[in-house]
Structures are given as structure tokens and as C-alpha cells.
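Subject: Structure handover

Hello,

Here is the structure we talked about, with its sequence. My notes on it follow below.

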Amino acid sequence: MKIFHDIAPLRAALKNAGRVVLVPTMGNLHEGHITLVRDARKHGDAVVATVFVNRLQFRPGEDFDKYPRTLSADAKYLEDAGAEFLFAPAEDVMYPTPQYFHVDVPDELATILEGEFRPGHFRGVATVVMKLFQIVQPDAALFGKKDYQQMLVLSALVREFNMPIEVIAGDTIRAEDGLALSSRNGFLSATERAEAPRLHRLLERLVASVRSGDKKFEQLENAVMAELKQNAWSPDYVAIRRRSDLQAPSADTGAGHLVVVAAAKLGSTRLIDNIEI
Ligand code: AMP
């Protein structure tokens, strides 16, 4: 695997690489990222993974400074997974001047759910991914459904700007006890780690109710919120939404078109999860 920290040599190396598949990450890689990289291999000739902790998508007070940076372990992991190229730019390579141009994500996607609790987050995500698309010029890009709203934002970005990039969504990879893998899981204490799978368990229970015909969505959402609170979580939201745009479903939106999305804090760690219904 070739490692690049600068744009020009990366671009030169990619010139004759055939069909290029991009897997953007913030590093501290786990099996979720690595599964995306392995899948990426099936969609092209050369896999480019990127590792960059993007300041633009963090708000003051969020965990930008303490976000784990583990580049040498990440590089080894990526090499084993079969990535051909790793692009790991320093901050002044991605942002040599302050970033004055941004991707303006429409409110319908940017200010709901994650966007309500992390204002400006998707603007930062869309802007850095737009930059990575320009730098790498991939033919395809993989994003995880673990970050469901992000995946929708980036699919819409590609569609609306007519970018010739195939967007591929990867399934959420979980620990054996159901907890969605996340770099943030490393922040959990042993007690919190034992408690953490409750979020997924409660979402599964909600999904089972919807699948068996329960249409009282608000009641189901509230029941999960209440049970999280009883167990010392601080939930931000639990919401059954349309898969296509994460808006509230209408009465005739059936299973197969729904997703339940949730975010909750356990101690000082904020976890998100979702299940398609
Ligand atoms: P991150 O490093 O958290 O920005 O994630 C990089 C990419 O990996 C994003 O497309 C995420 O959606 C995806 N990802 C993160 N965790 C998982 C997981 N547990 N399963 C599948 N994809 C994931």
C-alpha cells in the first residue's frame, strides 16, 4: 500500500490506476471501516482510503481534540484489508487557508435529527467530502449506513452536483452484543461498555413491534426514550422515519421504506444507531 500525505503525488499515482474506489474515514479504524474497504475492492481496481479528522464537522465543545488519532495502526489495518492507497493529509494540506467556500446542505436534511443536535455538522461533512472527491476523483465511494443521515446527505450531494461517482452504502457492522462499532466506543468505561448494547436492543424491540403491525410510532419512540432515561442515558432522539429522506412517514409508508434512527449520550459519550425496518 502506498501512503500519501500530499495531493499532487496522490493524483499522479491514481492517473493509471483504473477504476478508483474511495473510502473516506477519520481513522482509528475498526471492522466497520475495514468491511467497507474489503467491499470497495469488489467495486473497482484501486481502493483509496483516506484518514483525516475534519475539524469543520465538529462544533466547539465536541470531541475534535480528543478524537483518537492512530495512523500507524490504521495503515497496517488498511494494508491487510487490501487498500492500494492511503491518503492521510495534515490539516494544512486540506485547509491551507481557512475554508471560505462550503457546501450548503438543505435544511430538510441538515437541521433535523443529527443536524438539530450538531448544527453545521453536515455542512462540514459535505464540504470535506466534496474536497476529497475533487482530490481523488473516484469512480465510486463507499459510506456506512451506521451514519444513515450522512449517507443520505452525500448521496444527494453527488446526485445534485451531477458527479460521476457511484455511491455505495455499506451495512452497519456490530460487536457480538449488537453495539454498532464506532471509534467513540473507545471512550466508554467498562460499565458503560456493558450498558451500551441496550440502545440496539431497544431499537430491535421497536422494529419488531412495527413489523408486527404496530402503527403507534410516537408511543414506540417514547417508550425507547423513557427506557434509555431510566438507565441513565440522555437520549437526543429516537425517530421512525422514511428511509428516502428521513422525514416523518405518512400513514401509508410501509415496512421496507422505514428506518428507526437514534442518538443518545451514555456518560459523556454520544452514540448513534439505526435499523432499517
Ligand atoms: P468515520 O471514520 O466515523 O468518519 O467513518 C468512516 C466511514 O465508515 C463512514 O462512511 C461511516 O459510516 C463508516 N462506518 C463507521 N462505523 C461503521 C460501522 N460500524 N459499520 C459500517 N460502517 C461504518
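The ligand in this predicted model is surrounded by 17 residues, and the closest of them are M26, G144, D147, I173 and L181. Sorted by class, that shell is made up of 7 nonpolar, 7 polar and 3 charged residues.

Three of the residues just named also have polar backbone atoms close to ligand atoms. For M26, a backbone N or O atom is 2.9 Å from an oxygen atom of the ligand. The other two pairs involve nitrogen on the ligand side: a polar backbone atom of I173 lies 2.8 Å from a ligand nitrogen atom, and a polar backbone atom of L181 lies 2.9 Å from a ligand nitrogen atom. On its own the ligand has 490 Å² of accessible area, and the protein covers 92% of this.

Which elements give two or more residues to the shell? They are β2 (20-25), α2 and β5 (140-144). The largest share comes from α2, which supplies 3 residues.

Helix α2, residues 31-41, also packs against helix α3, residues 71-81. In general, a pair of packed helices is described by the angle between the axes and the distance between them. For α2 and α3 the angle is about 35 degrees and the axes are 9 Å apart. Their crossing is right-handed. On the α2 side the contact is made by E31, I34, V37, R38 and R41, and on the α3 side by Y77, L78 and A81. By class, this contact contains 5 nonpolar and 3 charged residues, with no polar ones.

Two backbone points are worth a look when you go through the loops. As background, most residues other than glycine have a negative phi. N28, however, has a positive phi, near 50 degrees; N28 sits in the loop between β2 and α2, and both of those elements give residues to the ligand shell. N162 is also a non-glycine residue with a positive phi, again near 50 degrees. Its place is the loop that runs between α8 (148-160) and β6 (166-170).

That is the end of my notes.

Regards

Conventions. Residues are numbered from 1 along each chain as its sequence is written. This is a predicted model: local features need pLDDT of at least 70, side-chain atom pairs count only at pLDDT 80 or more; totals for chains, interfaces and linings use all residues. Side-chain values use heavy atoms; hydrogens and water are left out. Axes are lines fitted to C-alpha atoms, for helices over the stretch in contact, and angles run from 0 to 180 degrees between N-to-C directions. Helices (H or I, at least four residues) and strands (E, at least two) are DSSP runs, numbered from the N terminus. A crossing is left-handed if the near helix is turned anticlockwise from the far one by less than a right angle, and right-handed if clockwise. Contact means heavy atoms within 4.5 Å. Ala, Val, Leu, Ile, Met, Phe, Trp, Tyr, Cys and Pro count as nonpolar, Asp, Glu, Lys and Arg as charged, and the others, Gly among them, as polar. A residue is near a molecule or strand if one of its heavy atoms lies within 4 Å of it. A polar contact is a pair of N or O atoms within 3.5 Å; within protein, one must be able to donate a hydrogen and the other to accept it, and residues adjacent in sequence count only if both atoms are side-chain atoms. Accessible areas come from the Shrake-Rupley method with a 1.4 Å probe; for residues, only the protein chains shown count as cover.
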